[in-house]
Amino acid sequence: MSRTAYRTCPLCEALCGLELTLEGDRVTGVRGDAADPFSRGFVCPKGATLGQLDGDPDRLHTPLLRGNNAPVEAHLEADWTAAFAAAERGLRRVIEEHGKDAVAIYIGNPTAHSIAGPLYSSAIIKALGTRNVYSASTADQMPKHVSSGHIFGNPMAIPVPDLDRTDYLLMLGANPLESNGSLCSAPDFPGRLKALRARGGRFVVVDPRRTRTARLGDRHFFIRPGTDAFLLIALVHTLFAEELVTLEHHVNGLDDLRALAVDFSPEAVASVTGVPASAIRTIARELAGAERAAVYARIGTCTQAFGTLASWLVDVLNTLTGNLDRPGGAMFARPAHAAIYRNRRRPYTTGRWHSRVRELPETNGELPIATLADEIETPGEGQIKALITIGGNPVLSAPNGARLDVAFSGLEFMVSVDPYLNETTRHADVVLPPPRPTQTGHYDFALLSFAVRNYARYSPPVLPLPEGRPSESEILARLAVISSGLQASPAALDEMIIDSTLSKAVAMVGSPVHGRKVSELRPMLEGGSGAELRLDMMLRLGPYGDGLGADPDGLTLTRLRDDHPHGIDLGPLEPRLEEVLWTVSGRIELCPPTFAADVDRLRAELDSARPDGTGAEGAGAEGAGFLLIGRRHLRSNNSWLHNVPELVGGSNRCTLQLNPADAERLGVAAGEVVRIVSRVGALTATAEPTSEIMPGVVSLPHGWGHDRPGTRIRVAQDNAGVNVNVVTDEQEIDPLSGNAVFNGVPVRVEAVREGV
């Protein structure tokens, strides 16, 4: 007999509600949840295949162990007791012999799409006491955090475009019609953009490719990869030069910013960016003249050598045009789980410690993923000997992944929390698989902080866990306990965290429980697990919460789950700059000294550009020099959905896109093989000439290359593709954030002739 269940899709940042049809313990149908007030029935091809992902026969259900010095093909099933014991022995041995910094941790992208990752990853890091912390953030969005940290004093205060009310949207380096949005959670992004245009608004896209998103816009401008910061500072220059600045907030550094922008006129940057000076001036005037406007930039602007400067200049533009923190502009979400009563006015800093080999600075408690291989391969005190990975596949997602693949094979011990034996976890001595999505509760801690409308939803498990099967939260909590060396249970860890949080809340002026006793508050929390107890606590202490009894009508986990199974609409975004602004001055720091100093690097690059505007890389010059960029596919999410048959093939192809003029110059036709060569490596791919990519630019999608032995992902192996990160360079990073450079990678492209 079939039944229906509801949950939030955990596969991307859009937060879409799903309606599941189940037969026994099998998902037989998936469609959009029409009753969800945020997504209103929208579903993309990824969400529609949640049942196939949930029931994937290659998904691991029991732990795997690999004996000492055994080959990667030698993983054997084990019970949970033996697996945790092996993890404890391996980690404790490395810590005792080499010290805490000899153990590193890598936290992957899927972790942000779970309830367990945000709740327990920090506990593992704290228990390890290591400075070798790495994550997908330095392959993705770290420039946004560093920019917000310096401007607003708060690295999590990332404004999002108020899509439903804006009149003018400028978008750079983003393709939400394929990605469904990033650091901007918006179900049915395509529908929201169409609604913007239908109400008379305008939508302008700047991108090296004419993407599906660009085709939807009013106008699209090609831009040379890696030059977004030049375009953005030229827009700033124009606002000052034409006296178009409108300030609605108190700022520091306005005159310093004006002085920095003087050299970057539209005419000065046009040949470098490829965007005409007249177009730059028009965009600046349109931004300033629109009643409500927003600038939104994403991964294409972050994963480049000037990623932090580009992120900073986006918020500068939103501020200078009077559109920061106002309806229709760039605003801050107010998530239900985040307390707003904490006073954190202190300087934002990076570089509290540095990596051992390349001396790269820490940002937000992490070191750049681009230097992980250095730290594993280089002997000496502090060398990484053991690694924990949680929901990640850095062999495919990190720069120069081939080097990292070799480095992992030399570790003394490795433990991975992952549902698959993939290109990274094949190196693990212990693999601890989390349960199926239907057996797991879901709440989006990370993504709700970037929603374009205030909203909350909790999805309880649809199916029970088998007897003896730990939840993902219990797996991570057990790893935290193991890492600490203490004899304790996961439940004891949860109680310790709850007690600490409540103790701080009762002592904090402005807290809804200020002055009360922890012993009174703890019995009020409800939940069937430690994760649910902690979520209930956070919701009740949050901006819509009941304050543990202080507001009888306020939000609790029970109320959210039982009264709002499709989610609750908490209203449109509202101005809240005062809540998120943590700078010591209490003002927006519009021109932080760190960024001002890095503008010298931008100016030097401008000065060194050749008259033809191609720069040092030679992109577009005669010969075979190109700039490589990545691209998104609607039916793909990095590497972790490539084992679902319905999501591979068709338009989801791992081809090298290049402009037809470049293909003709190389003597390459569609379907022929080309070789892509960079400083660090070479690979071959099938050519796909298309006029939708800028001359001098080539594009490969991210997350492919499933051709390594020792994995157990049959569909992915049959559709292996090639790993673009064989040719990306781990030595190239944005110095302010440590973010890897995947956009604008200099490569040589050549035809592969038969018999050669």
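This is a tour of selected sheets and helices in a predicted model, to be followed with the structure open in a viewer.

**Stop 1: the sheet of three strands**

Begin with residues 2-8 and 26-32, which are strands β1 and β3. They belong to an open sheet of 3 strands, ordered β1-β2-β3 and paired antiparallel. β1 and β3 are its edge strands, and each of them pairs on one side only. From one strand to the next the twist averages 30°.

Now add strand β2, residues 17-23, which is joined to β3 by 6 bridges and runs antiparallel to it. To see one of the pairings, show Glu19 and its bridge partner in β3, Arg31. Strands of a sheet pair through backbone hydrogen bonds, in either the parallel or the antiparallel sense.

**Stop 2: the sheet of seven strands**

Next comes an open sheet of 7 strands with mixed pairing, in the order β5-β4-β17-β16-β15-β6-β7. Select residues 76-77 (β5) and 133-135 (β7) to mark the edges; each has a single partner strand, so one side of each has no neighbour in the sheet.

At the β7 edge, select strand β6, residues 103-107, which pairs with β7 in the parallel sense over 3 bridges. Ile107 is found opposite Ser135 of β7.

Keep the sheet on screen and select residues 80-98. This is helix α3, which lies across β4 (64-65), β6, β15 (386-390), β16 (413-417) and β17 (430-432). Relative to β16, helix α3 runs at about 135°.

**Stop 3: helix α5**

Move to residues 142-152. How many of the residues of helix α5 are buried? The count is 11 of its 11 residues. The buried set includes Lys144 and His145 as well as Val146, Ile151 and Phe152.

To see what covers the buried residues of α5, display α13 (299-302), α14 (307-320), α23 (577-580), β20 (588-589) and α24 (593-608), which are among the covering elements. Then go to Gly153, which follows α5 and has a positive phi, near 75°.

**Stop 4: helices α9 and α11**

Select residues 228-241 for helix α9 and 266-273 for helix α11; their axes come within 9 Å and cross at roughly 165°. An angle over 145 degrees counts as roughly antiparallel, so that is how α9 stands to α11. The crossing of the two helices is left-handed.

For the contact itself, show Phe230, Leu231, Ala234, His237 and Thr238 on α9, with Pro266, Val269, Val272 and Thr273 on α11.

Now colour the buried residues of α11: Pro266, Val269, Ala270, Val272 and Thr273. Besides α9, they pack against α12 (277-289) and α24. Just past the end of α11, Gly274 takes a positive phi of about 85°.

**Stop 5: helices α21 and α19**

Select residues 530-541. Helix α21 has 12 residues and reaches 17 Å from its first C-alpha to its last, close to the 16 Å expected at 1.5 Å a residue. Of its 12 residues, 11 are buried. Charged and nonpolar side chains are both listed there, including Glu532, Arg534, Asp536 and Arg540 alongside Leu533, Leu535 and Met537.

Which helices do the buried residues of α21 pack against? They are α4 (116-128), α18 (472-484), α19 (490-507) and α22 (557-563).

Of these, keep α19 on display. The axes of α19 and α21 come within 10 Å and cross at roughly 10°, which makes the two helices roughly parallel. On the α19 side, show Asp494, Glu495, Ile497, Ile498, Thr501, Leu502 and Ala505. They meet Gly530, Leu533, Arg534, Met537 and Leu541 of α21.

**Stop 6: strand β21 and its two partners**

Finish at residues 625-629. Strand β21 has 4 of its 5 residues buried, so the rest of the structure largely encloses it.

Add residues 745-751, strand β26, which is joined to β21 by 4 bridges and runs antiparallel to it. Here Leu628 is opposite Val745 of β26.

Then add residues 697-699, strand β25, which pairs with β21 in the parallel sense over 3 bridges. The bridge partner of Leu627 in β25 is Val697.

Methods
Residues numbered from 1 in each chain as written. Predicted model: local features only at pLDDT ≥ 70, side-chain atom pairs only at ≥ 80, totals over all residues. Heavy atoms only, no water. Expected span 1.5 Å × (residues − 1). Buried < 20%, exposed > 50% of the residue type's maximum accessible area, 1.4 Å probe, protein only. Contact = heavy atoms within 4.5 Å. Pairing = 2+ DSSP bridges. Axes fitted to C-alpha atoms, helices over the stretch in contact; angles between N-to-C directions. Parallel < 35°, antiparallel > 145°, perpendicular 65-115°, else oblique. Left-handed = near helix turned anticlockwise from the far one by under 90°.
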